[in-house]
Amino acid sequence: MSLYKPYVSKTTVVAPTRVTEFDILKASHKFLRDGEDAEASTSWNDRLAQKYYDSLYREFTICDLKHYKSGNFALRWRTETEVLSGTGETTCANARCSEHTASSTSLTTLELPFGYEEHGQRKEALVKVVLCSKCVRKIMWKRKHEKRREDGAVEAKTGESNKVEMHEDTRRPTKSRSRSKDVERDDERYRARRRRSSRSRSPRAHKQKQDTSPTLLQTRNSST
């Protein structure tokens, strides 16, 4: 007696994935919205994102400085519960900081230019953030690091130029000395030539020749 095996189809039916409101907010959320976006929001997804945007408090932001060395950090607006508890205003706004939940006295309010990419477009915004002294050093780390690199490159260039000037200064005296020696040699040769010419054409010798010639004639005449 054979056992009965039920028929199983090879094609499996994939159940459709369920889209939650959080997925809709992530797809249609905008960091900043203006009046035109509110008027153009006709679909249910846009109206849901606009409603969530209106519930946010856009005075101070909450940040995440996990990748502060690369100069990238995340920002978001505060919710109602965070505003009521004072999170991000009386505490450090860095979500990974130990002073994020506990109030701190050494806080600094910064106004930062925040550049981000949203829906394929590059946008910029000026935001306020409250940070402790440790997180201020983190958010300024890349800028100071780049400034040190620029200063080091400028110092290296100035050092190379100074070395070139020093080499030029050390070479110049040798050239002047060699030139002065050549000039002295030429002067000595010129003086030696003048001495030779002055000896051959001295006026005294010429006068002696003129004086001796008439005496010789006189003696000859007398003898005759």
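**Note on the predicted model**

1. T61 counts as buried, at 0% relative accessibility. This residue belongs to strand β1, and the side chain of T61 reaches the backbone oxygen of K128 at 3.0 Å. These values, like those that follow, come from a predicted model rather than from an experiment.

2. As to the overall layout, the chain comprises seven helices and four strands, which, read along the sequence, follow the pattern α-α-α-β-β-α-β-β-α-α-α. Of its 224 residues, 20% count as buried, and T61, at 0% relative accessibility, is one of the residues that count as buried.

3. The structure holds four salt bridges, and among them is the one in which the side chains of D64 and R96 meet, at 2.7 Å from N to O. The D64 and R96 pair links distant parts of the chain, since D64 sits in strand β1 (residues 57–64) while R96 sits in the loop between α4 (80–85) and β3 (107–118), with the two positions 32 residues apart in sequence numbering. As for exposure, D64 is partly exposed, with a relative accessible area of 24%, whereas R96 counts as exposed at 53% relative accessibility.

4. A salt bridge also joins R76 and E82, whose closest N and O atoms are 2.7 Å apart. Is each partner of this pair buried or partly exposed? R76 counts as partly exposed because its relative accessibility is 37%, a value that falls between the 20% and 50% cut-offs, whereas E82, at 13% relative accessibility, counts as buried because this value is under 20%.

5. E118 and K123 form a further salt bridge, with the closest N and O atoms 3.0 Å apart. Here E118 counts as buried, at 9% relative accessibility, and K123 counts as partly exposed, at 23%.

6. A backbone feature deserves a look at H119, a residue placed in the loop between β3 and β4 (121–132). The phi of H119 is near 55°, a positive value in a residue other than glycine. Most residues other than glycine have a negative phi, and a reader checking the backbone may therefore wish to view this position in that light.

7. Charged side chains gather on the surface in a patch of negative charge made of E146, E150, D151 and E155. One of these residues, E150, lies in helix α6, which spans residues 141–200. E150 is exposed, with a relative accessible area of 52%, and it meets the patch criterion because that value is over 30%.

8. A positive surface patch is formed by K134, R137, K144 and R148. Which helices supply at least two residues each to the positive patch? They are α5 (133–139) and α6. R137 lies in helix α5 and is exposed, with a relative accessible area of 52%. Helix α6 therefore takes part in the positive patch, to which it supplies at least two residues, and it also holds E150, one of the residues of the negative patch.

9. In helix α3 (residues 44–54) the residue to note is Q50, which counts as buried at 12% relative accessibility. The side chains of Q50 and R33 are joined by a polar contact of 3.4 Å.

10. K26 has its place in helix α1 (residues 21–28) and counts as exposed, at 56% relative accessibility. K26 and A49 are 23 residues apart in sequence, and their C-alpha atoms are 8.7 Å apart in space.

Methods:
Residues are numbered from 1 along each chain as its sequence is written. This is a predicted model: local features need pLDDT of at least 70, side-chain atom pairs count only at pLDDT 80 or more; totals for chains, interfaces and linings use all residues. Side-chain values use heavy atoms; hydrogens and water are left out. Patches are made of residues with over 30% relative accessible area and no salt bridge: like charges are joined within 9 Å, nonpolar side chains (Val, Leu, Ile, Met, Phe, Trp, Tyr) within 5 Å. Accessible areas come from the Shrake-Rupley method with a 1.4 Å probe; for residues, only the protein chains shown count as cover. Lys and Arg count as positive and Asp and Glu as negative; His and the chain ends are not counted. The place of a charge is taken as NZ of Lys, CZ of Arg, CG of Asp or CD of Glu. Buried means under 20% relative accessible area, exposed over 50%, partly exposed in between (1.4 Å probe, protein chains only). A polar contact is a pair of N or O atoms within 3.5 Å; within protein, one must be able to donate a hydrogen and the other to accept it, and residues adjacent in sequence count only if both atoms are side-chain atoms.
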